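Where does this protein leave room inside itself, and what surrounds that room? Take a look at the model, then follow the two sites below.

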Amino acid sequence: MAEEKITKAADTEKAAKLADPVEASMDIATQEMIERSHKLGIDTVFDRAVSMKPCNIGVQGICCKNCAMGPCRLPLPKGGIQGEDTRKGLCGASPNTIAARNFIRMIAGGAAAHSDHGRSVAEVFMAAARKESDAYKIKDTVKLLAVAPHLGVATKVEVDGEEKDRDIDEIALEVAEKALNEWGKAEGELLYLKRAPEALYEKWKKQGVLPRNIDREIVEIMHRTHMGVDQDYRNLIKQGTRAALADGWGGSMLATDLQDILFGTPSPLQSEANLGIMKEDHVNIIVHGHEPVLSEMIVAVSQKPEIIEYAKSKGAKGIQLGGICCTANEILQRHGVPPAGTFLQQELVIITGACDAMVVDIQCVFQNLANVAKCFHTKLITTHPIAKMEQDNVIHIEFDEHYALQDAEKIVRMAIDNFSNRGTEVMIPKYKATQIAGFGVESIEYHLGGMFRGSYYTLNDNIINGRIRGVAGVVGCNNARTRHNEAHITVVKELIKNDVLVLTTGCNGIACAMEGLLTPESAAVYCGPGLAEVCETVGIPPVLHLGSCVDNSRILLAATEVVKAGGLGKDICDLPVAGSAPEWMSEKAISIGQYVVASGIYTVFGVTLPTSGAPVFENYITKELEKLYGGMWDIEPDPIKHAHLMIAHIDKKRKELGIDKARERVMMSMADRQALGL
Ligand code: NFS
């Protein structure tokens, strides 16, 4: 457990511009590395957050730079708006129009990032289905058969009047074609939308937000937000919803499914987390970014006996792989490769002096990594044609899925060759925690399902009887404007203390792992009595790690399974569930927030939302959207209040379902039992 033990930075004039390690992060390993960065004179994101303040107008979401007459800035008047809001840009754009346009452009950015990732996976999937690649094969045929019907692909054929299993290669090829088609088909709507509960699908249809294809919805946002097009915040957010749904129930869900088929559906496994996973006497290779396509190959190559021998021939005891961000989560879920840290720890990994290569793909990669790498022997390798860096110490090894293993071997050998170039100044923090990760829709069914009744029967039963008060999805980034990991951990601990089962993804998952919350044993320490009892009975942690941020699609499908199992209403918005991103920072988080809200889930964001300068628009997304979709946004930077907003919503839903009394009875009987000392 993290404790604050490092003393504050010296109060010199120089230190005044540097981050205070204890104020910057709750994690001791991170604090130690920030202190080391100061000693070495290397700036990190924590210091830059101290020396550069955010633009107050941008924070409020009311700076318009969509044409060259601006930027038009419409800050809220001091003392708030009295009477009519007369603020407008040169063209007359109102604060609502500007904030809504900016907001849905963030959705476009986020949906594009997730969905383009999904498209790359679909292309690799196609190469595998066509057998053009030795490296990629259809690994999980059970998942392939489960996914195929959702894409309208038959898994059986009729031969001589008899129904037979269809050839697996044929199914894979058709799945690849149908999946790739989802990005740009000319007609119809996304096929996965029908995986949602029927009531929800009908709601989307009624609101006119069924996405047509993934790319089109993103393009339409860029068109509508161009100067002089859509000038109604309600109509703008409607398109934002459509693009966000194309992300959550389209690009992201396809990424998750196709990755599972190619690389295996995760199942629970043990691993570790935090900077302490790095080993001084090993070659340390850190993979960072989001796509598992290359990192899967790096895992495979690093396990080859001849490669391990090669590492030993260079004086290392072996190869230690680790990850940052969602590439970390991908290879954690499927191989147990430990994450070295969250988003905000990426520079610190290099500052250990023990990172022989950092291999980055796409998204959430700091350009400053190159400047930090310059101070050490670390090889910083970019691998994706759309994500290069300008600094000349960066090596670009473009990854080609047709030569995947060769590319991966080149990278791993480069890291091994670099081992002997390490300086003497290696300092790896000792801190790491054990975690159980690798959960998913299927493993929740295995652990919390029923043998004979509905598949999520045990989970539903425990929600109905009140042992589990509700379920929360707590996800998302770190943000250097708040103390690293503190809101993540405080929100999650408060939820499980109040018997709310937590599903986590992204950097929240890594933060929880670092804090030791992803172990079954943590249930007895941190949970309320009801949740603790369930976790102890079935042997699961109170916080279930479902993977990367594209794997938020697993949360949507888990919620759908809960609806299907029965007893808790007909739609996701009926369930006692809530969403949260306590330390969000990326456009992807806004896209996720919007599709989660439009799927019926009350969702609280920490830090701030870029809507505060447009109160009417903010009111629309935090209140009015509930009438359309059953879910709505909320904003609360204080983590305890944040958790209690979620709990209050869960209780409201329990009351509406008529199961609030059941919970009281269970709480009474637990207390009685405890009083009796049984
Ligand atoms: Ni999600 Fe994953 Fe982390 Fe945020 Fe970045 S890694 S895709 S965006 S920072 S959770």
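**Two sites between domains**

Domain 1 (95-263) and domain 3 (433-674) each give residues to the lining of the largest pocket, so this pocket lies between them. Keep in mind that the model is predicted.

How much space lies in the largest pocket? About 740 Å³. Its lining is made up of 25 residues. Closest to the centre are Gly58, Val59, Met106, Met585 and Pro610. Three elements give two or more residues each to this lining: helix H3 (45-51), helix H4 (56-60) and helix H5 (95-129). H5 gives the largest share, with four residues. Sorted by class, the pocket lining has 13 nonpolar, six polar and six charged residues.

Now turn to the ligand. The space it takes is the second largest cavity. Which residues surround the ligand? Cysteines appear at Cys325, Cys326, Cys364, Cys477, Cys507 and Cys549. The others are His290, Phe343, Gly476, Met585, Ser586 and Lys588. By class, this shell has eight nonpolar, three polar and one charged residues.

Why does the ligand lie between two domains? Domain 2 (275-421) and domain 3 (433-674) both give residues to its shell, so the ligand lies between them.

Put the two sites side by side. Domain 3 gives residues to the lining of the largest pocket, and domain 3 also gives residues to the shell around the ligand. Met585 is one of the residues closest to the pocket centre, and Met585 is also among those that surround the ligand.

Key: Residues numbered from 1 in each chain as written. Predicted model: local features only at pLDDT ≥ 70, side-chain atom pairs only at ≥ 80, totals over all residues. Heavy atoms only, no water. 1 Å grid on protein atoms, 1.4 Å probe; cavity = no way out; pocket = protein on both sides within 12 Å on 5 of 7 lines; lining within 4 Å. Points joined across faces, edges and corners; volume = space filled by probe spheres on them. Nonpolar A, V, L, I, M, F, W, Y, C, P; charged D, E, K, R; others polar. Domains from an automatic or database assignment. Near = heavy atom within 4 Å. Sits in = over half its atoms within 2 Å of the grid points.
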